[in-house]
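Student: Could you take me through one part of this model closely, with the residues and strands named as you go? I would like one connected account rather than a list.

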Amino acid sequence: MAPLWRLLVVSIFLRCWCDASRTSVSSSGQRGASNGERVKRGWVWNQFFVVEEYTGTEPLYVGKIHTDSDEGEGNIKYTISGEGAGSIFIIDELTGDIHATERLDREEKAFYTLRAQARDRLSDQLLEPESEFVIKVQDINDSEPKFLEGPYIGSVAELSPIGTSVLKITASDADDPSYGSSARVVYSVLDGEKFFTVGRHTGIIMTAVADLDRETQDRYELVVKATDMAGQLGGLSGSTTVTIVITDVNDNPPRFPQKMYQFTVSEGAAVGTPVGRVIASDADMGDNTDMSYLIQEGGELFKVTTDAVTQEAVVSIKKPLDFESKRTHNVVVEAVNKHVDPRFVDLGSFRDQTIVRVSVSDVDEPPLFQPVAGAVLEVQEDAKVGALVGVVSARDPDVKNKPIRFSIDRATDQDMIFHIDPNSGAITLDKILDRETAGWHNITVKAEEIDNHTMASQSDVSIRILDVNDNPPELATPYEASICEDAKAGQIIHTISVVDKDEPQTGHHFYFTLAPEASGNQHFALWDVKDTTAGIRMERSGFNRHEQNVYFLPILVVDSGPPSLSSTGTLTIHICGCDTDGSIQSCSATAYVISAALSPGALIALLVCMLILIVLALLILTLQRHRKGKRIAEDEEDMRDNVIKYNDEGGGEQDTQAYDMSALRNLYDFPEAKGGENGIAEARPAAARWPPGSRPAAADFSLFEGYIRKKVEQADGDLSVPPYDSFQTYAFEGAGSPALSLSSIHTLSTASEQDFSYLGEWGPRFRQLAGYYAPGKPGEDGS
């Protein structure tokens, strides 16, 4: 509220100013006497002002409107309209004086726009054009500064230097900033000025000290005041609170609360088993507390990892522990900050160390094999039963060193080939070995403490069977070669290779030679022996396959031992007819063994046998032709049935579109059954076709008439058969069948005119086929 004297001074000033304006006449309102023209009349006033917050009991004089046509006779009536006219502002119709009847507030409305009218009192006609004027509300310092956005929250990093800006605050004053100092605001800190300052005119809060420590105090509450009138006496003020949060920086190293930790672990603990957990504390917060752990000493048997959730150091076993070797281990663990701020390196080392003492406790351990990975033993395949294969070794790793018993897991030695001494671990043979059957034997040996069978361990023992030369070499396959009759001497006609089941350590070395029974051979020779192969070379030119078309060449193969073993294989060489280009056309199969020349007696015996075979063949052929003529007459009476099968159920007797019925109706021309006495009409017989010229007469049906009647009666009385359309099959052979044998062999041997006797000349490979087609013996049944 403004002082009363100030309102009075302003009011007197305005009143005097308005009185002076009444007597003034605008240049537009004067009459021009010189030219005699009538000058346009005009309004006489200036801008009006009214002081806000007037608290008097009488209406406050604002100003006066006046027209230069008013001569003071009371003929003119003054009126106003517009904002507040008639309510806030009233006018004296006779004098034109305007008064304010209400208390005005510039902060709510700074000015009012009105319109003035001057009318003739009698005729109510406008004497002047309606004119617009403004009444401004004069400001006084009646509004204090306000912090519209408060309370404020800001942050600043700890250890920030003096003068570091934190945040800016702003206070608003509703008074008129263009009039006086009512809206000129200055700032000051009421509470917390020891640590923070504020810009007097800017409102920027800054640090006042450089040693703000989040670990000591992490937030400050300030009270900031804003005062108008530029801080002069009598100015109004407002305040707000400002919360300043101190953010963390990595200014503290990790620290272990203890310099030594002690843990105990069993020597039987598996690799990776956690031994214990330790943790270093860090006074910082957030990412500044992230740390990693390292092992500076003792990393041979232990390792350390960091728990990402708890930030603990987890010490675990890296290698198996042994109580008997070392019972106490000192592990030096170091904690290091991950994010080191280089601004604070001078504060000290950002790491710390502690000692983790691990005590190993003793447990009863199973026997330990040497070597741990398992033994590899070797034995000759010709070793005798009871021969020593090797010795396995195991010991009790405990201090007591208890005695051990050995055994073989029979699941790995089901044939019980090996035996082990339970006390010494010596492995011997129980059966004869064969490297070619099994070159390796993998057995499992078990060792257990005699007085505690639960303390047992196993080890794999691999036994390699060393080879001895106990298998002779052999030709890889039964070799055969074909050469032309006009082949030239010196030509390599074939290459042979040899295989040996043995595997000597020095490798295979074989020797090839012709067998002794082929020592008189003058036709072929072995040549170019290399490793496991040899070539067959011709020694002469010109062969006659009609004289001899097959040669059997026995070949002796000897290995390098020791001892040397040998075997004999045969190479079959065919003499063939070739064309002019050397391409083979045909080869015969008569065999001749290359050996010493046959004796005359052997040749005579061979000729006699061949003569006997020829005579027997002629006799058989004669008998076959005799029987062939007899059977031709019988074949003329052969009758065959052609059965046509339709695998279609159709739609019943009325369905004639499913398949063509004409094929069944025109097979033969039988008299239609009229539901006769034999009941054949109900039987649904199968369709049959008789060969031309052999259709049976009606009397022939008497052979199976009774049989069909019986079957029809059985079908009608059987409830399990289909009740409607059905197809009955009657397997009745009748009194006898005129059909002969259907054998293709019999047909060929009797009715065929082709002579197959030449099959007997094709050698042993066609012997069985020649037996099928050769003429039968006298008295043999052709069927």
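**The strands around E40**

Tutor: In this predicted model, Cys576 has Cys587 in E41 as its bridge partner, and this pair is a convenient place to enter the region. E40 and strand E41, which covers residues 584-587, run antiparallel and are joined by three bridges. The two strands form a hairpin with five residues between them, and within that hairpin Gly582 takes a positive phi near 90°.

E40 also pairs with E39, again in the antiparallel sense, and here the pairing extends over nine bridges. Val557 stands opposite Ser567 in E40, which gives a fixed point for matching the two strands by eye. E39 and E40 form a hairpin as well, with six residues between them, and Gly561 in the turn has a positive phi of about 65°. A further partner of E40 is E34, but these two strands run parallel and are joined by five bridges; in this pairing, Ser482 stands opposite His574 in E40.

These strands also bring us to the largest nonpolar core, which has 23 residues, and among them Phe512, Phe524, Ile536 and Ile555 touch the most other members. At least two residues of this core come from each of strand E34 (480-484), strand E35 (492-499), strand E36 (510-514), strand E37 (524-530), strand E38 (533-538), strand E39 (550-559) and strand E40 (566-578). E39 gives the most to this core, with four residues. As a general background, nonpolar side chains in soluble globular proteins tend to be buried together.

Ile555 deserves a separate look, since a list of its contacts shows what surrounds a single member of the core. When residues up to four places away in sequence are not counted, Ile555 touches Ile496, Phe512, Thr513, Leu514, Ala515, Leu526, Ile536, Ser567, Thr568, Gly569 and Leu571. Two of the residues in that list, Phe512 and Ile536, are themselves named with Ile555 among the core residues that touch the most other members. Ser567, which Ile555 touches, is also the residue that Val557 faces across the pairing of E39 and E40, so a view centred on Ser567 lets you inspect the core contact and the strand pairing together.

Notes
Residues are numbered from 1 along each chain as its sequence is written. This is a predicted model: local features need pLDDT of at least 70, side-chain atom pairs count only at pLDDT 80 or more; totals for chains, interfaces and linings use all residues. Side-chain values use heavy atoms; hydrogens and water are left out. A nonpolar core is a set of buried Ala, Val, Leu, Ile, Met, Phe, Trp, Tyr and Cys residues joined through side-chain atoms within 4.5 Å. Buried means under 20% relative accessible area, exposed over 50%, partly exposed in between (1.4 Å probe, protein chains only). Contact means heavy atoms within 4.5 Å. Two strands pair if DSSP finds at least two bridges between them.
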